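Work through the exercises below with the sequence and the 3D structure open. Try each task before reading its solution.

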Amino acid sequence: MDEPNGEALWEGPEERPAERLDAAAPEVVRTDAGDPDSAGEEAVGEDAVGEDAAGEDASAEPARAQPHRAGQPAPRPARRITSKDIEVLLLGGERTLKRREVAAAAGVSLYSARKLWRALGMPNFTDDDLAFTQAELEPLKVMPRLVREGKLTEEAAISVARAIGQMTDRMVVWQVEALVEDMISSQGMTDSEARVALLERLPDLVGPLEEMLVYSWHRQLAAGVQRLVVRAQAGLDSSEEGRDGTEDDAPLPLARAVGFADLVSYTSLSRRMNERTLAQLVQRFENRCSEIIAVGGGRLVKTIGDEVLYIAETPAAGAQIALALSKEFAEDEILPQCRVAMVWGRVLSRLGDIYGPTVNLAARLTAIAEPGQVLVDDVTAKALTGDERFVLEHREPEMVRGFGEIHPVALRHGTGPGIVLD
């Protein structure tokens, strides 16, 4: 039984309740009853040599594959590249280790290891599956080590691992589809031909993409620190203006401008388009939105088909982005117009998403906006009053599900250039 009731996460390899992650990891990990290092080496030798050795002498011990490192050229086999070759390149070698061996090497229980693997988005493995490579041992020790050292709690470690797993999963799917689509459009390949051809290209792309990933993560974390430390209190102070503390979002911690943009007539358009045309339309919409939001200093929280959700740190920044989105799609020759709404309030940020009444109100306002129109609520309008960059036009009150009577305000561009894209 791998998951006894009440067993704490990150316990030691022997499943002993008293042995937690803060205990010292064993210096020598036995994966076999014999020599502690022999089992893994024998497994590598046996599995790495065989019919697929491409002419290598089966009696010679093969060189152990090393994990790819950013900036290093990826090795390319002379024969046609297969998915197995890509796996060996990315995972650093053949899969020779079973799950219990890896858990023991990390100094945690199998239950704890499985919690981590699930958080990272890995499938379930049985005790008999050769699921891991020797090169994966060190990366899989990272989270347990941070918990042992007291730098993360067990709950935080799993949450951070889940964020990494979910974000990289979506990123990989996005990147693969972008590369396939490019080969289809630029080289006239079919979808299946492009996916096969991508295997040949990947060894040359792994290193550069990894470098860009690490660079982007550093930039995003630096921007996150700015938001966390420098601007957080200013935003909270601004969110108190025009409020008496009885609002639905008052208990929530973060003050943000929350905006939605929704393409008009997307459902009817999608029914008339083929798969490729629809994909191009969605990609064009997402690209335009992400550019405008980034230039305006906001953050794209997520896209849901024909809709984007974004946040900004001030009501003015949120309003500028909303107006720029509306203007962009009104002038686009391919995309239809969009409805936009923005609300300044407090939100809860969890799992890379945002929650709270502010988000719901912004969504409701988007639904009642006219094509090409930007709506805000009366509280947001008060925060923008006096700013010459914006013109506010009060509309008739409307009954909105979940909020009762609200007072929508149409937002239009005033003085100044607004957001300017290069």
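**Exercise 1. The whole chain**

Task: State how many helices and strands the protein has, and what share of its residues is buried.

Solution. Begin with the secondary structure: this predicted model contains 13 helices and 10 strands. Next, take burial: of the 422 residues, 37% are buried. Then look at the surface, where about 23,700 Å² is exposed, with carbon and sulfur atoms supplying 52% of that area. Last, consider contacts between residues at least 6 apart in sequence: 67% of them join residues at least 24 apart.

**Exercise 2. Helix α3**

Task: Decide whether α3 is largely enclosed or not, and list its buried residues.

Solution.
- Step 1. Count the buried positions: 7 of the 8 residues of α3 are buried, so this helix is largely enclosed by the rest of the structure.
- Step 2. Name them: Arg99, Glu101, Val102, Ala103, Ala104, Ala105 and Ala106.
- Step 3. Find the packing partners, which are α4, α5 and α6.
- Step 4. Look just past the end of α3, where Gly107 has a positive phi of about 75°.

**Exercise 3. Helix α4 and its surroundings**

Task: Work out how many residues of α4 are buried and which helices they pack against.

Solution.
- Step 1. Helix α4 covers residues 110-119, and 8 of these 10 residues are buried.
- Step 2. The buried set consists of Leu110, Tyr111, Ser112, Ala113, Arg114, Leu116, Trp117 and Ala119.
- Step 3. These residues pack against α3 (99-106), α5 (137-140), α6 (142-148) and α7.
- Step 4. After α4 comes Gly121, with a positive phi near 90°.

**Exercise 4. Leu137**

Task: Is Leu137 buried or exposed, and which residues does it touch?

Solution.
- Step 1. Locate Leu137 in helix α5.
- Step 2. Compare its relative accessible area with the cut-off: buried means under 20%, and Leu137 has 16%, so it is buried.
- Step 3. Leave out residues up to four places away in sequence; Leu137 then touches Leu97, Val102 and Ala105.
- Step 4. Take one of these pairs: Leu137 and Ala105 are 32 residues apart along the chain, while their C-alpha atoms are separated by 7.0 Å.

**Exercise 5. Helix α10**

Task: Find which residues of α10 are buried and what covers them.

Solution.
- Step 1. Check the length: α10 runs over residues 275-295, and its 21 residues reach 30 Å from the first C-alpha to the last, close to the 30 Å expected.
- Step 2. List the buried residues of α10: Leu281, Val282, Phe285, Glu286, Cys289, Ile292 and Ile293.
- Step 3. Place them around the axis: they cover an arc of only 135°, which means that they lie on the same side of α10.
- Step 4. Identify the cover, which includes α7 (154-187), β1 (254-263), α9 (266-272), β2 (299-304), β3 (307-312) and α11 (315-331).
- Step 5. Move just past α10 to Gly297, which takes a positive phi of about 85°.

**Exercise 6. The largest nonpolar core**

Task: Which residues of the largest nonpolar core touch the most other members, and which element gives the most to this core?

Solution.
- Step 1. Recall the general tendency: in soluble globular proteins, nonpolar side chains tend to be buried together.
- Step 2. The largest nonpolar core has 35 residues, and Leu325, Met342 and Leu411 touch the most other members.
- Step 3. Elements that each supply at least two residues include β1, α10, β3, α11 and β4 (338-350).
- Step 4. The most comes from α11, with 9 residues.
- Step 5. Another core, of 18 residues, lies apart from this one; among its members are Val301, Val359, Ala369 and Leu375.

**Exercise 7. Two residues of α11**

Task: Describe the surroundings of Leu325 and Ser326.

Solution.
- Step 1. Leu325 is in helix α11, and its relative accessible area of 0% makes it buried.
- Step 2. Beyond its neighbours within four places in sequence, Leu325 is in contact with Ala261, Cys289, Ile292, Tyr310, Cys338 and Val340.
- Step 3. Ser326 is in helix α11 and is buried, at 8% relative accessible area.
- Step 4. With neighbours within four places set aside, Ser326 is in contact with Cys338, Val340, Gly372, Gln373 and Val374.
- Step 5. Look at Gly372 in detail: its backbone oxygen lies 2.7 Å from a polar atom of the Ser326 side chain.

Technical notes. Residues numbered from 1 in each chain as written. Predicted model: local features only at pLDDT ≥ 70, side-chain atom pairs only at ≥ 80, totals over all residues. Heavy atoms only, no water. Helix = DSSP H or I, 4+ residues; strand = E, 2+ residues; numbered from the N terminus. Expected span 1.5 Å × (residues − 1). Buried < 20%, exposed > 50% of the residue type's maximum accessible area, 1.4 Å probe, protein only. Arc of directions from axis to C-beta. Contact = heavy atoms within 4.5 Å. Core = buried A, V, L, I, M, F, W, Y, C linked by side-chain atoms within 4.5 Å. Areas by Shrake-Rupley, 256 points an atom, 1.4 Å probe, with all protein chains shown as cover. Polar contact = N/O pair within 3.5 Å; in protein donor to acceptor, adjacent residues only side chain to side chain.
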